[in-house]
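Work through the exercises below with the sequence and the coordinates open, and try each task before you read its solution.

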Amino acid sequence: MRFRGKQQKHTSHSTADSYTHLREEMVRAQIERRGIRNNNVLEAMRKVPRHLFLKRESIDSAYEDHALSIDCGQTMSQPYIVALMTDQLGLDPESKVLEIGTGCGYQTAVLAEIIDEVYTVEIIPELAEAAWKRLTKLGYQNIHKKIGNGYFGWEEHAPFDRIIITAAPKKVPDNLVEQLTAGGRMVVPVGDFNQDLVIVSKTVHGFERKKISDVRFVPMTCPPE
């Protein structure tokens, strides 16, 4: 199933709400202060109502500088990490992006504010259905969605210019690298207990990787070795 028409994707959250000042402060203190200057990323972080992607008991903490628990034992990354990963993708509006791990849908919404179409895969049906309901209610119409194991990507829609993974595999999944375009880029946390956020760039000779920072993500569901 897919939502189409980026020009119509943001409706119900287009006006100011009581959390607008908290988003402004979040961007200023947590994101700009740490060096992120990409206007598209900053505007998306100012616009997407993070609190609407959380359980009721977590809403008051929505704009604080830390990760938050969501359903099914999963987490929503802290605002800075969402902004950092989005920034490191190096997006333009025409980028074809695959997101592995829809989760609550917050990162999906940030991507959908910047690019024309987002492809997103979630392995937990309960999470996926809840996220899609939120995204639909907020008016997003430029999202392609699928329930499945993101380790395998979304081959029928490959190749992708960019891939973002929001759970940590123990190593970079070769099959996802194969689904990148030549010159494509993937941002992924890699590791078991000690994790590195890395950029994987596909080249004619294979791929190159560059560490960005230390991170902590939930493990990615991978097939048995």
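**Exercise 1. Identify the aromatic cluster, then characterise two aromatic pairs by their geometry and burial.**

Solution. The residues Tyr119, Trp154 and Phe160 form one aromatic cluster, where rings of Phe, Tyr and Trp (its six-membered ring) pair if their centres lie within 6.5 Å, and where planes under 30 degrees apart count as stacked, over 60 as edge-to-face and the rest as tilted. This is a predicted model, in which local features need pLDDT of at least 70 and side-chain atom pairs count only at pLDDT 80 or more, while totals for chains, interfaces and linings use all residues. Residues are numbered from 1 along each chain as its sequence is written, and side-chain values use heavy atoms, with hydrogens and water left out.

A pair of aromatic rings is described by the distance of the centres and the angle of the planes. The structure holds 5 aromatic pairs. One of them joins Tyr19 and Tyr63, whose ring centres are 6.0 Å apart and whose planes meet at 40 degrees, so the pair is tilted. Because Tyr19 lies in the segment before α1 and Tyr63 in the loop between α2 and β1 (68-69), this pair ties together parts that are 44 residues apart in sequence; helices (H or I, at least four residues) and strands (E, at least two) are DSSP runs, numbered from the N terminus. The pair of Tyr151 and Phe152 is edge-to-face, with 5.7 Å centre to centre and 85 degrees between the planes.

For burial, the cut-offs are under 20% relative accessible area for buried, over 50% for exposed, and partly exposed in between (1.4 Å probe, protein chains only). Tyr63 has a relative accessibility of 8% and therefore counts as buried. Tyr151, at 18%, is buried too, whereas Phe152, at 46%, counts as partly exposed.

**Exercise 2. Decide whether helix α4 is enclosed or open, and follow one of its residues outward.**

Solution. Begin with the count: 9 of the 9 residues of α4 are buried, so the helix is largely enclosed by the rest of the structure. Among these buried residues are Tyr106, Gln107 and Glu113.

Next, take Thr108, which lies in helix α4 and has a relative accessible area of 0%. Not counting residues up to four places away in sequence, Thr108 touches Glu99, Thr102, Val118, Thr120, Leu135 and Ile143, contact meaning heavy atoms within 4.5 Å.

**Exercise 3. Describe the surroundings of Val121.**

Solution. Val121 is found in strand β4 and is buried, with a relative accessible area of 2%. Its C-alpha is 6.0 Å from that of Lys145, although the two residues are 24 apart in sequence. Leaving aside neighbours within four places in sequence, the contacts of Val121 include Leu98, Ile100, Gly148 and Trp154.

**Exercise 4. Locate the nonpolar cores.**

Solution. A nonpolar core is a set of buried Ala, Val, Leu, Ile, Met, Phe, Trp, Tyr and Cys residues joined through side-chain atoms within 4.5 Å. The largest has 49 residues, of which Ile36, Met45, Phe53, Tyr106 and Tyr140 touch the most other members. The elements that each supply at least two residues include α1 (20-31), α5 (125-137) and β8 (195-203), and α3 gives the most, with 7 residues. Apart from this core lies another of 21 residues, among them Ile163, Ile165, Val172 and Val218.

**Exercise 5. Compare the linings of the largest pocket and the cavities.**

Solution. On a 1 Å grid over the protein atoms alone, a cavity is a set of points where a 1.4 Å probe fits but cannot get out, and a pocket is an open set with protein on both sides within 12 Å along at least five of seven lines; lining residues have an atom within 4 Å of a point. Grid points are joined across faces, edges and corners, and a volume is the space filled by probe spheres set on the points.

The largest pocket holds about 460 Å³ of space. Of its 32 lining residues, Gln74, Gly101, Glu122, Thr166 and Ala167 are the closest to its centre. By class, this lining has 18 nonpolar, 12 polar and 2 charged residues; Ala, Val, Leu, Ile, Met, Phe, Trp, Tyr, Cys and Pro count as nonpolar, Asp, Glu, Lys and Arg as charged, and the others, Gly among them, as polar.

The largest cavity has a volume of about 50 Å³, and its lining has 6 nonpolar, no polar and 3 charged residues.
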